[in-house]
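I sat down with this model to look up a handful of residues, one helix pair and the ligand site. Here are my notes, in the order I made them.

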Amino acid sequence: MALSISILYGSVRDGRLGIRFAKYLEQALKARGHKPVLIDPLEYDLPLLRKRYSDYKPGEKIPANLAKLHDILASSDAYLLVSAEYNHTAPPALTNLLDHFYAEYAQKPSAIATYSYGPFGGVRAAMTLRAMLGELGCGSIQKTLPCPAVHEAFDETGKPNDAAAWQKRSDGFLEQLEWYAEALKAARGKAKKK
Ligand SMILES: Cc1cc2nc3c(=O)[nH]c(=O)nc-3n(C[C@H](O)[C@H](O)[C@H](O)COP(=O)(O)O)c2cc1C
């Protein structure tokens, strides 16, 4: 089943590296027959949270970038987070993006891919994100996908240095996300019919 999957990337830093990993995962999802949308916080340039999407009153003008993000997130079957580790937690651009929305995530699964420049692959950020995603209503799957030395693992276009190893790793991870996304999509469909 082709799934709509939002990839939420979390860095707006000058010289950022994780965009390579996000591009790789976008290509991997396409290769598996899905419809990924890569959400780059640099492109949307959201302010630090003043108002969640749901805080806008009927008839009130909603900023175009917020409305566009709402539409993408609301129509997604699953969320794939691509997060750096900043001081052992997720970067503020990512949590700020997540915080602007709430109901959009309900009853859908998420998956956490993390990366770092160093050897640990950002796994500590994954643990903090897991708690946050649970609270947002889109709990994360069991598998995570850590990428150490992201600058060596992928080039600027997202091409992996070791394609076979990355295919094996990402296939297992994405397969698990697909299982939950399909199961929850069917359950949401059933609940709507009742
Ligand atoms: C503010 C800041 C905090 C960081 N903290 C960590 C950390 O806790 N653990 C780690 O492995 N790397 C840390 N790093 C290094 C990042 O892994 C590396 O800079 C990575 O490329 C950041 O992702 P980005 O390039 O997509 O912004 C930190 C980098 C920054 C800028």
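**Notebook: residues, helices and ligand**

I began with Leu-42, and found it in helix H2. A reminder to myself before going further: this is a predicted model. I then asked whether Leu-42 is buried or exposed. I counted 12 other C-beta atoms within 10 Å, so Leu-42 is exposed; the cut-off for that class is 12 or fewer. Next I looked up how far the C-alpha atom of Leu-42 is from that of Arg-13, and got 8.7 Å, with the two positions 29 residues apart along the chain.

**Two positive phi angles**

I went on to the backbone angles. Most residues other than glycine have a negative phi, and I noted two residues here that do not.

Asp-45 is one of them: its phi is positive, about 45°, although Asp-45 is not a glycine. I located Asp-45 in the loop that runs between helix H2 (41–44) and helix H3 (64–74). Its count is 10 C-beta neighbours inside 10 Å, and Asp-45 is therefore classed as exposed.

Ala-149 also is not a glycine, and its phi is positive at about 45°. I found Ala-149 in the loop between strand S5 (140–147) and helix H6 (150–153). With 16 other C-beta atoms within 10 Å, Ala-149 comes out as partly exposed.

**Ser-140 and Met-132**

Strand S5 came up again, as Ser-140 lies in it. Is Ser-140 buried or exposed? I found 22 other C-beta atoms within 10 Å, so I wrote Ser-140 down as buried; 20 or more is what that class asks for. Leaving out residues up to four places away in sequence, I listed its contacts as Ser-110, Ala-111, Ile-112, Arg-130 and Leu-133. I also looked up the C-alpha separation of Ser-140 and Gly-33, which is 21 Å for two residues 107 apart along the chain.

Met-132 was my next stop, in helix H5 (residues 123–136). Met-132 has 18 C-beta neighbours inside 10 Å and so counts as partly exposed. Which residues does Met-132 touch, not counting those up to four places away in sequence? I noted Thr-95 and Leu-98. From Met-132 to Lys-35, 97 residues apart along the chain, the C-alpha atoms are separated by 25 Å.

**H1 against H7**

For a packed pair of helices, I want the angle between the axes and the distance between them. Helix H1 (residues 19–31) packs on helix H7 (residues 163–193) at an angle of about 70°, and the axes are 11 Å apart. H1 and H7 are therefore roughly perpendicular to each other, a label that covers 65 to 115 degrees. The crossing of H1 past H7 is right-handed. On the H1 side, the contact is made by Tyr-24, Leu-25, Ala-28 and Leu-29, and on the H7 side by Trp-166, Ser-170 and Leu-174. By class I noted 6 nonpolar residues, 1 polar and no charged in the contact of H1 with H7.

**Ligand site**

Last, I looked up how many residues surround the ligand, and the number is 15. The closest are Ser-11, Leu-17, Gly-18, Ala-84 and Ser-116. I split the shell around the ligand by class: 5 residues are nonpolar, 7 are polar and 3 are charged.

Technical notes
Residues numbered from 1 in each chain as written. Predicted model: local features only at pLDDT ≥ 70, side-chain atom pairs only at ≥ 80, totals over all residues. Axes fitted to C-alpha atoms, helices over the stretch in contact; angles between N-to-C directions. Helix = DSSP H or I, 4+ residues; strand = E, 2+ residues; numbered from the N terminus. Parallel < 35°, antiparallel > 145°, perpendicular 65-115°, else oblique. Left-handed = near helix turned anticlockwise from the far one by under 90°. Contact = placed C-beta atoms within 7 Å. Nonpolar A, V, L, I, M, F, W, Y, C, P; charged D, E, K, R; others polar. Near = placed C-beta within 6 Å.
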